[in-house]
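Morning, everyone. I have one structure to go through today, so please have the sequence and the model up on your screens.

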Amino acid sequence: MGLNVVMLGAPGAGKGTQAERFARRRGLPKISTGDILRQGVQDRMPVALLAKATMDRGELVDDETMVAIVRERLVRPDTDLGFVLDGFPRTVSQARALDAIIEERGKGSLLIVDIVVPDEDLVRRLAMRRICSKCGKNAEPGDNAETTCQRCGGALVHRADDSEEVVLERLRVYANATRPLVEFYSERPTFRTLNGAQPPDRVAQELDATINEATVPEASAASEAQRAVGR
Ligand code: AMP
């Protein structure tokens, strides 16, 4: 069964960085709806250009558009063994749509990890955050002295929606629309929380351990079933 991970967390909680590192370690695609939209704007895709003004204000793009983007992405074969979703779902309605997509796929259930960071840390982190103007990836935390991307050499810039005013709007949107998701998922046996107010390496270690622990019953159930078949 696939390892289908959803990373939850406020803007600036580090979910993008952690999703990227985790996906690379496990050889899974990281699917970031924010990256898809930003790339779409660069490529002048109509859907993304329509969404741009909403993104620039720090508001949420409509559910229908976002669900269509994710539905289309999750049918690609590179997701067969699983994926790491970053920035989706962001509303309860998107989460319900994702459940339906996962059910249709029949390639394993969701594992949800919520990275929790106090609000005052989020504002500070977002003010410092930079992304690469060429490949769109987040600069590694701690790269404050660097001016170019370590991966592709592109210039590191602030994200347009990381200005103080837009950051406050994004945190408001998160509290109103996205935090209810935590309640939506919290009763599931595959829901976990992580303390994101720690050094990134430590968070990465805990993420690995959490996912290993959360997938053990499934793994042992699968090997038990295989043994039964082999008997
Ligand atoms: P992110 O990089 O995840 O912070 O996303 C940047 C912006 O893209 C957000 O502020 C929204 O405007 C838009 N966006 C990304 N993912 C979603 C989503 N799942 N639902 C609605 N809007 C989204």
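How many residues surround the ligand, and which are the closest? The count is 16, and the closest are Thr33, Arg38, Glu59, Gly87 and Gln94. Before I go further, keep in mind that this is a predicted model.

Let me take the polar contacts to the ligand. Thr33 has a polar side-chain atom 2.8 Å from a ligand nitrogen. Gln94 does something comparable to look at on screen: one of its polar side-chain atoms lies 2.9 Å from a nitrogen atom of the ligand. For Arg90, the partner is an oxygen atom of the ligand, and the distance to an N or O atom in the Arg90 side chain is 3.1 Å. As for cover, the ligand taken alone exposes 480 Å², and the protein buries 96% of that.

What is the make-up of the shell around the ligand by class? There are six nonpolar, four polar and six charged residues. Which helix gives the most to that shell? That is α2, residues 33-42, with four residues.

Since α2 has come up, let me stay with that helix and turn to its packing. Two packed helices are described by the angle between their axes and the distance between the axes. The partner here is α3, residues 46-57; the two axes come within 8 Å and cross at roughly 115°. The crossing of α2 past α3 is left-handed. On the α2 side, the contact is made by Gly34, Leu37, Arg38, Gly40 and Val41. On the α3 side, the residues are Ala48, Leu49, Ala51, Lys52 and Met55. Sorted by class, this contact has six nonpolar, two polar and two charged residues. Arg38 is therefore a name to find twice on your screens: it belongs to the contact with α3, and it is listed among the closest residues to the ligand.

Two backbone points remain, and each sits in a loop. The loop between α2 and α3 holds Arg44. Its phi is near 55°, a positive value in a residue other than glycine. The other point is Pro89, in the loop between β3, residues 82-86, and α5, residues 92-105. What kind of peptide bond joins Phe88 and Pro89? The bond is cis, with omega about 0°.

That is what I have; I will take questions now.

Conventions. Residues numbered from 1 in each chain as written. Predicted model: local features only at pLDDT ≥ 70, side-chain atom pairs only at ≥ 80, totals over all residues. Heavy atoms only, no water. Near = heavy atom within 4 Å. Polar contact = N/O pair within 3.5 Å; in protein donor to acceptor, adjacent residues only side chain to side chain. Areas by Shrake-Rupley, 256 points an atom, 1.4 Å probe, with all protein chains shown as cover. Nonpolar A, V, L, I, M, F, W, Y, C, P; charged D, E, K, R; others polar. Axes fitted to C-alpha atoms, helices over the stretch in contact; angles between N-to-C directions. Left-handed = near helix turned anticlockwise from the far one by under 90°. Contact = heavy atoms within 4.5 Å.
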